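Student: Could you take me through a close look at the charged side-chain pairs in this structure, starting from a single residue? Please then connect them to the surroundings in which they are found, in as much detail as the coordinates allow.

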Amino acid sequence: LRRYLEWSGLEVTLVSNITDIDDKIIALANSEGRSESEVAREWEAAWYSTMDALGVGRPDDDPHATAYVERMVALIEELVASDRAYVTGDGIYLEVATVADYGLLAHQSLDDMVAGGGDRELVGGEKRNPADFALWKFVKPGEPSWPSPWGDGRPGWHTECVVMSLDLLGDDFDLHGGGIDLAFPHHENERAQAAAVGRGFSRRWVHNGFVEVGGEKMSKSLGNFTTADDLISRHDPRALRLLVLQAHYRSPVEVTPASMGNAESALERFDALARRADALSSEAVGDAVEPDEERLSAFRAAMDDDLDTPAAMAVAFGCVTDANRLLDAGDVDAAGPLIAAWRSMLDAVGLAPVVSSEELPPEVAELCARRDEARAAKEWA
């Protein structure tokens, strides 16, 4: 999404926060006899190592929750002072009933959500409503803590994210993204805090579907997960990117050895055209050639339609098919604009073709020529 917006000519500021303190980090640190900061730094480095390998661009800012605790306390003070939040024996909670449109992202009213909550527990017995959520958790033995006017403790996850996003992007920022499982309660609870203090939050939301295996969400609890590092150790990293692009972002995407293999085969079509183009005159297919505007318009129309990447990639593959057909027929001049448009599309989605910079051995070059001749003659065998 960021790549495409920049390709379209927009200036983009991307913020991706680092939650470097939460229940799981604390539990892991305690089990390993390490500090929470050590655990967080290790996995942050692992995250970026994988993202770099996948060709995912770094964010402009990656704020760490622990650097924002004072500002989180200030927000909670404002919520308590305005009677939007209250103090209990185990922490401070936002009273969601005081937020007029609470449930907006869940597409349900607060009454409907509570009625459908079954026996949802009233934590500590002091919550006024089952949907009320913790802004501040009082310190427990073996946990890190920070000072606050109500007692030492640590911020709740929802408060961490709203404070960092508003600080770096300001009120009424354009887009907030995340997995569909975060829409409620996490994103709703971020938005509710901003609304409770009269600040505009995200104007638009993009929630992506799950990675699946055999129709089930990939997860550690089901034991059906594969790490991205494992995938890219066995496959071209671009294959995962293409696999994601061939599914709409709000839909699930199936990641299996077979689907990765299919994506790699599709990438070979890209790489083969790039090799073929590189062997031609730069005047015919070089950077100076104007891209086919009709194809680029079709690509833009698909991407602008709720980021319809499957349709956009179909346009890109259509360029490959038609460019090869024209090259087979010897019409390099007609193929050039299609190749230029195709290259631009790949730039927009981060799928640059791979062409070896090494000179081909003569026997390989001969095989390539024979393959092109066979394809032109439709001798597929």
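Tutor: Asp52 is a suitable starting residue: its relative accessibility is 42%, and it therefore counts as partly exposed, a class that lies between under 20% for buried and over 50% for exposed. This is a predicted model, and what follows should be read with that in mind. The salt-bridge partner of Asp52 is Arg58, and the closest N and O atoms of the two are 2.8 Å apart. Arg58, with a relative accessibility of 44%, is likewise classed as partly exposed.

This pair belongs to a total of 23 salt bridges in the structure, and a second one can be placed within a helix. Asp230 and Arg234 bring their side chains together in a salt bridge with an N to O distance of 2.9 Å. Both residues belong to helix H8, and because they are four residues apart there, about one helical turn separates them. Asp230 has a relative accessible area of 34% and is partly exposed, and Arg234, at 44% relative accessibility, counts as partly exposed too.

A third pair spans two burial classes. Arg238 and Asp236 form a salt bridge in which the closest N and O atoms are 2.7 Å apart. Arg238 has a relative accessible area of 12% and is therefore buried, since the cut-off for that class is under 20%. Asp236, at 22% relative accessibility, is counted as partly exposed. Beyond these pairs, salt bridges also link Asp23, Lys137, Glu143 and Arg154 into a network.

Which residues touch the most other members of the largest nonpolar core? They are Phe270, Phe299, Ile339, Trp342 and Leu351, in a core of 50 residues. Helix H8 (228-234), the helix that holds the Asp230 pair, is among the elements that give two or more residues to this core, and the others are H9 (237-245), H10 (257-278), H11 (282-285), H12 (293-304), H13 (309-328) and H14 (332-349). H13 supplies the largest share, with 10 residues. If we leave aside residues up to four places away in sequence, Phe270 is in contact with Met313, Phe317, Val320, Trp342, Leu346, Leu351 and Pro353. Another core, of 36 residues, lies apart from this one, and its members include Val69, Ala85, Leu94 and Leu135. As a general background, nonpolar side chains tend to be buried together in soluble globular proteins.

Turning from side chains to strand pairing, there is an open sheet of three strands in the order S8-S7-S9, with mixed pairing. Strand S8 (216-217) and strand S9 (253-254) are at the edges with a single partner strand each, so one side of each has no neighbour in the sheet. Strand S7 (residues 211-213) and S9 run parallel and are joined by two bridges, and Glu212 has Glu254 in S9 as its bridge partner.

Five bridges connect strand S5 with strand S6 (residues 204-208), and that pairing is parallel; Leu175, for instance, has Arg204 in S6 as its bridge partner. Between S5 and S6 the chain passes through H7, which makes a right-handed β-α-β crossover. Helix H7 (residues 183-196) also includes Pro185, a residue joined to Phe184 by a cis peptide bond with omega of about 10 degrees.

On the other side of S5 in sequence, the loop between helix H6 (157-169) and strand S5 (175-179) holds Asp172. Asp172 is not a glycine, yet its phi is positive, at about 55 degrees, and with a relative accessible area of 38% it is partly exposed. What is the phi of Lys378? It is near 60 degrees, again a positive value in a residue other than glycine. Lys378 is found in the segment after helix H15 (362-376), and with a relative accessible area of 59% Lys378 is exposed.

Terms used:
Residues numbered from 1 in each chain as written. Predicted model: local features only at pLDDT ≥ 70, side-chain atom pairs only at ≥ 80, totals over all residues. Heavy atoms only, no water. Core = buried A, V, L, I, M, F, W, Y, C linked by side-chain atoms within 4.5 Å. Buried < 20%, exposed > 50% of the residue type's maximum accessible area, 1.4 Å probe, protein only. Contact = heavy atoms within 4.5 Å. Pairing = 2+ DSSP bridges. Right-handed = clockwise from strand over helix to strand, strands pointing away. Salt bridge = Lys/Arg side-chain N within 4 Å of Asp/Glu carboxyl O.
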